[in-house]
Amino acid sequence: MTRILAIADEVDEALYTDKLTRLRPDLVVSCGDLPFDYLEYIVSRLDVPLVYVPGNHDPGVRSSDPTWTPLRAEPPQPGPQGCENADGRVVTAAGIRIAGLGGSMRYKPGPNQYSEAEMRWRALSVEVRIKLNRARGGRKLDVLLTHAPPLGWGAPEDLAHRGFAAFLRLAKELAPKLLVHGHVHPYGRSQPERRLGGTQVINAVPSRVIEI
Ligand SMILES: [Zn+2]
């Protein structure tokens, strides 16, 4: 059993108290749109990995400048320090295999926004990597970590908060135990247990502890 602390979109003030260490997570995942210093605070208080994807309000966190010539041994890492960016990648942390797809539906200029077609390509690239890895006897996907929800689980009338159909396909094809997303603010409404086939879907805003 792995205890995952999932966080997204709103700073949970309670995590600035001893409650954070009492939660005893094995792993922290962030679904994006959180201040980097909040993520750095959490990773510095807990001696466990923190894996994140960016949200649509986050700056671009790709190290994109191929002309960068480091003067020191290590180039500066964009994004929160001590945390692992899983955007468009498959990573393993605390023994859990995580695929990350950050960002939202494109609704204005800026980083971390995608059309459905762009997200479909990102999702396909993740799907191929997981399937190739499994063909070689590797571990199946445990957690799909996204910022936006799957299509039909957000706000269909609002482009920025519409989910991605690509996530429905990924959940079906890869059947992870868990899909964790943010972006959709529950505004105090309780979150019913939801499933997509064999995948439990959790809206992490502002924080949730999940055992898988
Ligand atoms: Zn968002």
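**Close-up A. Helix α3 and the nonpolar surface patch around W121.** In this predicted model, helix α3 spans residues 116-135 and includes W121. W121 has a relative accessibility of 64% and therefore counts as exposed, the cut-off being over 50%. Together with L124, V128 and L132, W121 forms a nonpolar patch on the surface. The accessible area of these four residues together is about 410 Å².

**Close-up B. Protein donors of the zinc ion.** The zinc ion is bound through D33 (OD), N56 (OD1), H147 (NE2) and H183 (ND1), at distances of 2.0 to 2.4 Å. Along the chain, these donors follow the spacing D-x22-N-x90-H-x35-H. The angles subtended by the four donor atoms run from 85 to 176°, and the arrangement is therefore irregular.

**Close-up C. The histidine donors H147 and H183.** Both histidines are donors of the zinc ion, H147 through NE2 and H183 through ND1. The pair links distant parts of the chain, its members being 36 residues apart. H147 is in the loop between β9 (143-146) and α4 (165-174), whereas H183 is in the loop between β10 (178-181) and β11 (194-196). H147 has a relative accessible area of 0% and is buried; H183 also counts as buried, at 1% relative accessibility.

**Close-up D. Surroundings of T2.** T2 belongs to the segment before β1 (3-7). With a relative accessibility of 13%, T2 counts as buried, because this value is under 20%. When neighbours within four places in sequence are left aside, T2 contacts D26, A94, I96, I210, E211 and I212.

Conventions. Residues are numbered from 1 along each chain as its sequence is written. This is a predicted model: local features need pLDDT of at least 70, side-chain atom pairs count only at pLDDT 80 or more; totals for chains, interfaces and linings use all residues. Side-chain values use heavy atoms; hydrogens and water are left out. Donors are N, O and S atoms within 2.8 Å of the metal (3.2 Å for Na, K and Ca); water is not among the atoms, so sites may look incomplete. Four donors count as tetrahedral if all angles lie between 85 and 135 degrees; four count as square planar and six as octahedral if opposite donors are over 155 degrees apart and all others between 65 and 115; anything else is irregular. Helices (H or I, at least four residues) and strands (E, at least two) are DSSP runs, numbered from the N terminus. Buried means under 20% relative accessible area, exposed over 50%, partly exposed in between (1.4 Å probe, protein chains only). Patches are made of residues with over 30% relative accessible area and no salt bridge: like charges are joined within 9 Å, nonpolar side chains (Val, Leu, Ile, Met, Phe, Trp, Tyr) within 5 Å. Accessible areas come from the Shrake-Rupley method with a 1.4 Å probe; for residues, only the protein chains shown count as cover. A salt bridge is a side-chain nitrogen of Lys or Arg within 4 Å of a carboxyl oxygen of Asp or Glu. Contact means heavy atoms within 4.5 Å.
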